[in-house]
Structure formats: structure tokens, C-alpha cells
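Got your viewer open and your mouse ready? Let's take a walk through this one together, a stop at a time.

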Amino acid sequence: MDRRDFIKELGAMGLAEWAGVGAMAQAAAAPLRQLAASKGLLFGSCLALKYFVQSAVYQQLFLAQCDIATPEVHMKWNSLSNQPEVYAFGNADKFVAFCATNHIKVRGHTLVWRDELPAWATAQLTPGNGQAMMVDHIRKVAGHFAGKLYSWDVVNEVLDPGSHRPDGLRDSPWLQNVGADYIEQAFRATAAADPHALLVWNENYLELSNGFGSAKRTAMLNLLDRLLARGVPIHGVGLEAHLRGEQASALGDASYEAFLGELGRRGIKIFITELDVQDATFPADAGARDQAVAGIYSKFLTASLRQPAVRGVVTWGLADSFSWIAGYRPRKDGLPVRPLPFDANCQPKAAYYAIAETLESAPRRA
Ligand code: XIL
């Protein structure tokens, strides 16, 4: 595919205007955390400590680029407890200690999720003990890290328009065994266990301006209004933003910015929490693919960072060699995925420069 065909391809994806992004700033970009800090923003990534064992260069990259981090797996229920009443905080404690030593804020992830539950909990959960098990888990985990974390993803991925419920709630072990007010109970229990952490509702597909995304946005605003009116301590919303290359035209438009504005009007702090770009449908040519991926980062972050309520950007990994996308959505042609700002050798890609440019041109937060 030559450049002209590729530009036509980007045009079809609604990315032509972003095609050259990243090229300009090649020489100039400072570490992303520094560029973000200069605008009153946080920049960081998820992390699993095993990546540092596999690559000391990755540890250096992480320290250079990030001032906030999310444990990719260490604080999930199935990582903390594999038998009833027994919790092992070893890895999670090491993660928090590493971040504290390096002045990196920690986003706790995640207390109440339908996924990554230990087998014993799934087996034991009933409508009779659901509330007690949920609150007990929150007390144990949020209590253990009390005062040490910047924020908690208290609930994760709780909406699903496909459930056809009037409240838009996703069917889950928590909905079945605690009831529709499990979200309120989870936030109240977390606030009691750790009064210092920012309490966040983390959700997926809110970034999409299509039927599914819009239905989720409406369900979130309606439920948020009900919960805030009851004084439920919800301080922030996390947009996962696992972006799909083929959905570029459904990203970063006026309805998306209006949604962020609605959250901001309710006093909600917004975080981009799991940003990456799935390149499964992009051309095989690495250079062309990197440009397309960079175009998506630019389009999405330019629209997102225009909103003053957006306080931070967290990617779901920094370098392609440590991305969950390789397992979650590999390419049909078997080529390695390239969803993140740095390549497998921890070298900056067009996406890195695209992110740097959007941070450089973002309005400063008050
Ligand atoms: C993923 C991790 O990246 C994988 O390593 C793990 O096997 C599965 O979970 N939404 C979330 C994240 O909230 O916690 C998920 O992380 C990706 C989707």
C-alpha cells in the first residue's frame, strides 16, 4: 500500500486530517508525565510487576513516563484471594511500595466486578450472603490500603444496554445476589473503609458515539443523578477507552464532548483509564499501521482533553510487548499488535508523539 492509498484508507476511516500527527514533534517531546503535569493533568499506565522482571528497560521507561499507575491484575479479587477468608496482599503491597518510592499515584483496580472473581466466591455467592460478601471484601481490601491510594475503581463495567433493563444495569453476580442497589452499597462501604481515596465508577464503551455508547451514556447520567441525589459518594468516572481502529468515525465527536460536559456539570472528575488502540483491521505495514493508530490517539485525546473535568490519561500498558491486546484481540495475519505508544523495544512510536502533541495543546486545568 503506498502513501496515497493509505491516505485514502485513513480518509475512509475519518482520520485523514490526523494523518500527519506525530511527525512534527519527533524531536521535541518531553516525558508524557511532564507534559501532562504542565497542564494540571496526570499521565500513566497500567502495570504488572512481572514486566519489570522481564525488562529492566521497561522499568526505566515506566519511571520516566508515568506519575500514576493502575495494577493490571494485582488488586483483582482472584489475585488477592484463592480460598475463602484468605487474602494474600504480597504483590499488591509490592506494587504500592514501588509506586510510593517513586512518587507515582496508585489507582486501585477494582473492588466490585463481574469478572476475575475467585472460584470460591462465585460458588459461595447467594442472595442471602451477597451483600455481606461484597462489603466484607471491600472492607478487607480498601481497608488494607487505606490512605495509600489516589483512587479506587469501586465498580467496573456495570452497564449493559443489552440487558434491556430500564436502569441499563448489566446482569452480574452482584446484581443477582445483592440487588440493584449494590452500586450504592459498594461506594458507601468503600468511603467508610478509605475516606481518603477518590471513588470512581469505571465503565467501558462510553467513548463510542453510536447506539450502544449513547444508551450507556444516558443510563450512566440517569443512575448518577439518582445516586448523587441520595448523597452516594461518587467522585469520578473512568472511561476505559479500549479503542477499536475500525470505529474511528464514532470517536471524539460533539456528542462525546457533550457527555463529558454533562459529567463535569455534575462535579464528576473524569479519567481515561485503560487507553489503547486495537489495530486488528489496520494494514499489515507497521509504518502505515502506526500512523493510523496515532491518528486515533490524536482524535480521541484532542476531544477528551478539551473538557476541563478530564484530569488524567492512563494507557493500558506503555509498550506493545506488554499489551493484553495480543491475547484479547490478536491480528488474523498473526503479526504482532501495535496498540501502544512505545514499540517492543521501548522506542517511541507515532502514537507517543501524537499523545505528546495533544497534551502540549491541551488547555491548562484550573
Ligand atoms: C485485563 C488485563 O489486561 C489482562 O491481563 C487480564 O488477563 C484480564 O483483564 N477491562 C478492565 C481491565 O477493567 O481490568 C481488563 O484487564 C481489561 C478490560
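Start by selecting Arg244 and Gln278: Arg244 stands opposite Gln278, which belongs to strand 8. Keep in mind as you click around that this is a predicted model.

**Stop 1: Gln278**

Leave Gln278 selected for a moment; its place is in strand 8. Is Gln278 buried or exposed? Gln278 is buried, because its relative accessible area is just 1%, and the cut-off for buried is under 20%. Now add Ala326 to your selection. Gln278 and Ala326 are 48 residues apart in sequence, yet from C-alpha to C-alpha they are 9.4 Å apart in space.

**Stop 2: strand 8 and its partners**

Next, select the whole of strand 8, residues 269–278. How many of its 10 residues are buried? Nine are, so strand 8 is largely enclosed by the rest of the structure.

Now bring in its partners, one by one:

- Select strand 6, residues 236–239: it runs parallel to strand 8, and four bridges join them. To see one pairing up close, click Val237, whose bridge partner in strand 8 is Ile270.
- Select strand 7, residues 242–244: this one also runs parallel to strand 8, joined by three bridges. You've already met a pair from here, Arg244 and Gln278.
- Select strand 9: it pairs with strand 8 in the parallel sense, over four bridges. Click Leu275 and look for its bridge partner in strand 9, which is Thr315.

**Stop 3: past the end of strand 9**

Follow the chain on from strand 9 (310–315) into the loop that leads to helix 14 (325–328), and pick out Ser321 there. How does Ser321 compare with the cut-offs? Ser321 has a relative accessible area of 38%, so it counts as partly exposed, the range between under 20% (buried) and over 50% (exposed). Select Thr110 as well: Ser321 and Thr110 are 211 residues apart along the chain, and their C-alpha atoms are separated by 24 Å.

**Stop 4: strand 2**

Jump over to strand 2, residues 68–71. Turn on the side chains and check which way each one goes. Ile68 and Thr70 point one way, while Ala69 and Pro71 point the other way. Are these four buried or exposed? All of them are buried.

Strand 2 has partners to look at too. Strand 1, residues 42–47, runs parallel to strand 2 with four bridges joining them; click Gly44 and you'll find its bridge partner, Ile68. Strand 3, residues 105–112, is also parallel to strand 2, with two bridges between them. Here, the pair to select is Ala69 and Val106, which stand opposite each other.

**Stop 5: the ligand**

Last stop: select the ligand. Where does it sit? The space it takes up is the largest pocket. Show the residues around the ligand, among them Glu72, Lys76, Trp113, Asn156, Glu240, His242 and Glu274.

Then zoom in on these contacts:

- His109: a polar atom of its side chain is 2.7 Å from an oxygen atom of the ligand.
- Glu157: an N or O atom in its side chain is 3.0 Å from a nitrogen atom of the ligand.
- Trp316: a polar atom in this side chain lies 2.9 Å from an oxygen atom of the ligand.

How much of the ligand does the protein bury? On its own, the ligand exposes 410 Å², and the protein buries 78% of that. Switch on a surface display and have a look around for yourself.

Notes:
Residues are numbered from 1 along each chain as its sequence is written. This is a predicted model: local features need pLDDT of at least 70, side-chain atom pairs count only at pLDDT 80 or more; totals for chains, interfaces and linings use all residues. Side-chain values use heavy atoms; hydrogens and water are left out. Buried means under 20% relative accessible area, exposed over 50%, partly exposed in between (1.4 Å probe, protein chains only). Two strands pair if DSSP finds at least two bridges between them. A residue is near a molecule or strand if one of its heavy atoms lies within 4 Å of it. A polar contact is a pair of N or O atoms within 3.5 Å; within protein, one must be able to donate a hydrogen and the other to accept it, and residues adjacent in sequence count only if both atoms are side-chain atoms. Accessible areas come from the Shrake-Rupley method with a 1.4 Å probe; for residues, only the protein chains shown count as cover. On a 1 Å grid over the protein atoms alone, a cavity is a set of points where a 1.4 Å probe fits but cannot get out, and a pocket is an open set with protein on both sides within 12 Å along at least five of seven lines; lining residues have an atom within 4 Å of a point. A molecule sits in a cavity or pocket if more than half of its atoms lie within 2 Å of its grid points.
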